Every structure is written in C-alpha cells, then in structure tokens.
Amino acid sequence: MIKITAGLGKNRNIIKASEIVNQDDNIEVNLVENERELIDAVKNKDIDAVIRGSLAASNVIKSLKSENPSLKINRGTYIHSKDHEFLILPVGIDEGQSIEDKITLVEQGCEFLLKINKEPKIAILSGGRSDDFNRTKEIDKTLKESQLIEKRLKSEFSKDERFNNTTIKNYYILIEKAIKENNNILLAPNGIIGNYIFRILVLLCNWPSYGGITLGIDDFYIDTSRDQTTEGYVRILKFAARLAENKKEN
C-alpha cells in the first residue's frame, strides 16, 4: 500500500482528487489541515510521499532546511510535453546563484531521475549563442559559466559509475533544440530565467506539471499550486504514487 499525505486548504479540489485516487486499492491518500502535520508527514517513514495540495504551506521547505542543516535542499519543476518528461532547474528565483549551486542542482536532479529509472540527459542553457561573446558583460558571464559547468560535469560524472550513460551538452540559448532532442534536465542560467521557463510552458502554454520536486532529501515532497484543478491534483497524486512505487521496487 502506497501512503500519501496531502494538504487541505481553501481549494477543495484536493478532496475530490483524493477520493478519485483512493479508488485505487494500492493507494491511500490522507488529508491534513495544517503545516505542522505536513512537515511531520515528510519525516514520517511510514508515509511514502507528501504533497502540499491546497494548503498554504510556505514554510515547509524552510523548516526542512532548518531541521536538516547538513543537507542542500533545492527544488525543480517536473513537467512533460507531448513527447517526454523533464526537470527545469533552478526554478526558485533565489536558487542557482553560483556555479557550485548549479552543479549541485544537476547532481540532485540526476539522482532524482535515477530513482524513477530514467537515464539523465542534461542540457545546459545560457544567455546567448556560442558566438555571442562580447555583446554584453551579462551575456558573456552566462556563456562562460555554461562552458565551465559543462566541463566540470563531464569531469565529475566520468568518475561516477551511476552516470556512465548520462549525456551532457551545452545548448547555449537554444532551449527549443534542447527540448526537441528529449533532454530530461534543462539547466537555466539562473533561478529567475528558470522560473520564467516554467511560467511560459506551464501557465501560458498549459504543459502539464507534476509540481515542484524537492531535491536533496530521500523522501518525496512535492510543492503544488494552491489553485490547481481536480484533474491536476489527480495527476500529481498519481505521480507521487509512481515515485514511491519505484523507490520500493529499487
């Protein structure tokens, strides 16, 4: 039995969604009505996955970070086009500020994909094409960082057998090509741009999203929109169950 805890706030769509998902004999969804219960659920080893649901749970990530100071906890948005699923990193506007931050994000993203039996395929993005040097200092900075990140990742991953089949490519500003070639990690130049990518694809173009995946912890906590539809919550609850099942099988 897969046990999932979800937050219940003002948006009652989560109630209908949990009723639909609970029709599966292998899934049990329980709703909680305050943030503390949601945080406790993440730490409870008897619970397989936790989603924010419609609860105004803005302090969950902050609490997880403060209670686990040795862990580097980040978020990535997991979405899918008509053809494949992929992570957008970083998506928090204050995340991915340094090269080290971005490398950590990619490593965590790869570990997440391996948990769900997917081989990582990494696309590194920047603020211009490879021949756009000397146009502005800001563009130059993103181009240099993307090249350094590509070099660092290839060097570090070559020493880790878990990533023997991982591909790493610098697409510079060509995000359309990175998506078309089925990369499952898109590394944006910073969290602001990553957040824009998420908003354009999910909120404007209506690409389905599985929510914000918490990276850097062993447990599954998914940060969802409080304005989600019933269909959206069903999709995320089933995805959480899928993550938990894959973890148990492995």
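Helices α2 and α3 are oblique to each other, and this pair is the opening stop of a tour through a predicted model.

**Stop 1: two helices**

Select residues 35-43 for helix α2 and residues 60-67 for helix α3. Their axes come within 10 Å and cross at roughly 50 degrees. An angle of that size lies neither under 35 degrees nor in the range from 65 to 115, and the two helices are therefore described as oblique. The crossing of α2 and α3 is right-handed.

Now display the side chains at the contact. From α2, show E35, R36, L38, I39, V42 and K43; from α3, show V60, S63, L64 and E67. Colour these residues by character, and five appear as nonpolar, one as polar and four as charged.

**Stop 2: the whole sheet**

Next, turn to the strands. In general, strands of a sheet pair through backbone hydrogen bonds, in either a parallel or an antiparallel manner. Here, 10 strands form an open sheet with mixed pairing. Follow the strands across in the order β2-β1-β3-β10-β9-β4-β5-β8-β6-β7. From one strand to the next, the twist averages 25 degrees.

Which strands stand at the edges? Select 27-32 for β2 and 167-172 for β7. Each has a single partner strand, so one side of each is left without a neighbour in the sheet.

**Stop 3: a parallel pair**

Keep β2 selected and add strand β1, residues 2-7. These two strands run parallel and are joined by six bridges. To find one of the pairings, select T5, whose bridge partner in β2 is N30.

**Stop 4: strand β4 and its neighbours**

Select residues 74-80, which make up strand β4. Is this strand mostly covered or mostly uncovered? Six of its seven residues are buried, so β4 is mostly covered.

Add residues 209-215 to show strand β9, which runs antiparallel to β4 and is joined to it by five bridges. N74 has L215 of β9 as its bridge partner. Then add residues 85-89, strand β5. The pairing of β4 with β5 is also antiparallel, over four bridges. Within this pairing, H80 stands opposite E85 of β5.

**Stop 5: a helix across the strands**

Finally, keep β4, β5 and β9 in view, and add residues 121-125 for β6 and residues 191-204 for helix α7. Helix α7 lies across β4, β5, β6 and β9. Where its direction is compared with that of β5, α7 runs at about 145 degrees.

Note on methods: Residues are numbered from 1 along each chain as its sequence is written. This is a predicted model: local features need pLDDT of at least 70, side-chain atom pairs count only at pLDDT 80 or more; totals for chains, interfaces and linings use all residues. Side-chain values use heavy atoms; hydrogens and water are left out. Axes are lines fitted to C-alpha atoms, for helices over the stretch in contact, and angles run from 0 to 180 degrees between N-to-C directions. Angles under 35 degrees count as roughly parallel, over 145 as roughly antiparallel, 65 to 115 as roughly perpendicular and the rest as oblique. A crossing is left-handed if the near helix is turned anticlockwise from the far one by less than a right angle, and right-handed if clockwise. Contact means heavy atoms within 4.5 Å. Ala, Val, Leu, Ile, Met, Phe, Trp, Tyr, Cys and Pro count as nonpolar, Asp, Glu, Lys and Arg as charged, and the others, Gly among them, as polar. Buried means under 20% relative accessible area, exposed over 50%, partly exposed in between (1.4 Å probe, protein chains only). Two strands pair if DSSP finds at least two bridges between them.
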